[in-house]
Amino acid sequence: MDAAVQEAKLLRQVNALIVAHLRDQNLTQAATAVAAATMTPRADASVPNHLLRLVAKLAAVGSQGLAVEQEEAARGGGAPAAAGLARPLGTNAVDFSVQNVRGPSKTFPKHETRHISDHKNVARCAKFSPDGKYFATGSGDTSIKFFEVSKIKQTMLGDSKESSGRPVVRTFYDHVQPINDLDFHPISPILISGAKDNTIKFFDFSKTAARKAFRVIQDTHNVRSVCFHPCGDYILAGTDHPVAHLYDVNTFTCFLSANPQDSSAAINQVRYSGTGSMYVTASKDGSLRIWDGVSAECVRPIIGAHGSVEATSAIFTKDERYILSSGKDSCIKLWEVGTGRLVKQYPGAVNTQFRCQAVFNETEEFVLSTDEQNNEVVVWDALTSERVARLPSGHTGAPRWLEHSPVEPVFVTCGNDRSVRFWK
């Protein structure tokens, strides 16, 4: 199975190099066609002249090719990547394979926080755009609030509390039941939402007057989690159905895994890896499952990852070698993708009642989550697993969700008190 994963990952890396090379040669139409045909994310095809350098290296060293470059990268940035799970080219990721980390843990930077808005019911989820310029929150009141980060920062520079509502660019109203999850298109100004009304809705936030969805996918189940493929042409939906639903954005055709027996419980969260070569599901039966991003076959089940209670979140590290998960057993865990082995645990945050998630900061140096019992944000050093901060959340009820910006040291919390708080 590891050999198959290795081959698939290598093929995706080669496809990304081909697309990048075509764009470097101003063959935009050809690059777009190849990217669409191979489901290659545009972000992966952004390393200029990489293919030419590899070909030159191949000519110089004979048959070693990619292996030489990966070996050199490993010598410069830590231990070699595990067989079958080579680090994606161009990724500057934390190397979690280092064992017995010595020395003091890093100090988490001091953050200022500000209450920026309120929903009319529980604020259930939040999501940043890939460029970090925007984020949105979803609520039990069926609304979605859309925020601009630069405006929030301007508000926090001033002393006027009267301007606290200005960061809300607009509010979308088109669901009839609570919002469960949100995601941004990787390139286009599109926000999607999944809700208990069995729908996935598309909102165009480039149109200032738009308040309603311009497209709707009607699912058969409560849509608990949504995630765009990095190329933007596909959406994964985790629902009350035990198998993730894969939708073609252009045709709304739904695809299911050919091995539905691989799953047995509703899915709390589904997330793609950075290249789209894999995705992970976190289920209500406490299991995690890693799936091939093309064949939709389960390549690594981690049964009982959180015992018999719900696994509530799961995300890949940047190098796609590890998965960070959390559950209602009050445990946050780091798993090795290639073996399913538990690598690290981050103890000290109580979450037994509400769906929550654990996330990395933008550099993956820290892990952040919420503590519903003590109403806190808890932070760990990602490498040493040491808890380095417990921050009063400022919420008057239990925080329900924490989402970190992918590009800078800011994050958002929201919760049972209906409020949204911004941290920088």
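**Entry 1: a stacked pair**

I began with two aromatic residues and found that Tyr279 and Trp291 are both buried. I note here that I am working from a predicted model. I then looked up the geometry of the two rings: the centres of Tyr279 and Trp291 are 5.9 Å apart and the planes stand at 5°, so I recorded the pair as stacked. Because Tyr279 belongs to strand β15 (residues 278-283) and Trp291 to strand β16 (residues 288-292), the pair ties together parts that are twelve residues apart in sequence.

**Entry 2: other aromatic pairs**

I counted aromatic pairs by the ring-centre rule and arrived at 19. One that I examined is the pair of Phe202 and Phe214, which is edge-to-face, with 6.2 Å from centre to centre and 70° between the planes. Phe202 sits in strand β8 (residues 199-204), whereas Phe214 sits in the loop between β8 and β9 (215-218), so this pair too joins parts that are twelve residues apart in sequence. I checked the accessibility of each partner: Phe202 is buried at a relative accessible area of 1%, while Phe214 is partly exposed at 45%. I also noted a cluster in which ring pairs link Tyr134, Phe146, Phe172, Phe184, Phe203 and Phe205.

**Entry 3: Ile190**

Which residues does Ile190 touch, not counting those up to four places away in sequence? I listed Asp183, Phe184, His185, Phe202, Phe203, Phe205 and Phe214. Ile190 is found in strand β7 (residues 190-195), and I classed Ile190 as buried because its relative accessible area, 17%, falls under the 20% cut-off. For Ile190 and Phe214 I noted a separation of 24 residues in sequence and a C-alpha to C-alpha distance of 9.9 Å.

**Entry 4: nonpolar cores**

I turned to the largest nonpolar core, which has 29 residues, and wrote down Phe135, Ile144, Leu191 and Phe422 as those with the most contacts inside it. Strand β2 (residues 123-128) gives the most to this core, namely four residues. Apart from this core lies another, of 16 residues, and among them I noted Ile315, Tyr322, Ile332 and Leu334. Going back to Phe422, and leaving out residues up to four places away in sequence, I found contacts that include Phe135, Glu112, Arg114, Val149, Met156 and Val412.

**Entry 5: a surface patch**

Last, I looked at the surface, where Leu10, Val14 and Ile18 make a nonpolar patch of about 200 Å². Leu10 lies in helix α1 (residues 2-24), and with a relative accessible area of 38% I entered Leu10 as partly exposed.

How values were computed: Residues numbered from 1 in each chain as written. Predicted model: local features only at pLDDT ≥ 70, side-chain atom pairs only at ≥ 80, totals over all residues. Heavy atoms only, no water. Patch = residues over 30% accessible without salt bridge, like charges linked within 9 Å, V, L, I, M, F, W, Y side chains within 5 Å. Areas by Shrake-Rupley, 256 points an atom, 1.4 Å probe, with all protein chains shown as cover. Salt bridge = Lys/Arg side-chain N within 4 Å of Asp/Glu carboxyl O. Helix = DSSP H or I, 4+ residues; strand = E, 2+ residues; numbered from the N terminus. Buried < 20%, exposed > 50% of the residue type's maximum accessible area, 1.4 Å probe, protein only. Core = buried A, V, L, I, M, F, W, Y, C linked by side-chain atoms within 4.5 Å. Contact = heavy atoms within 4.5 Å. Phe/Tyr/Trp six-rings, centres within 6.5 Å; stacked < 30°, edge-to-face > 60°.
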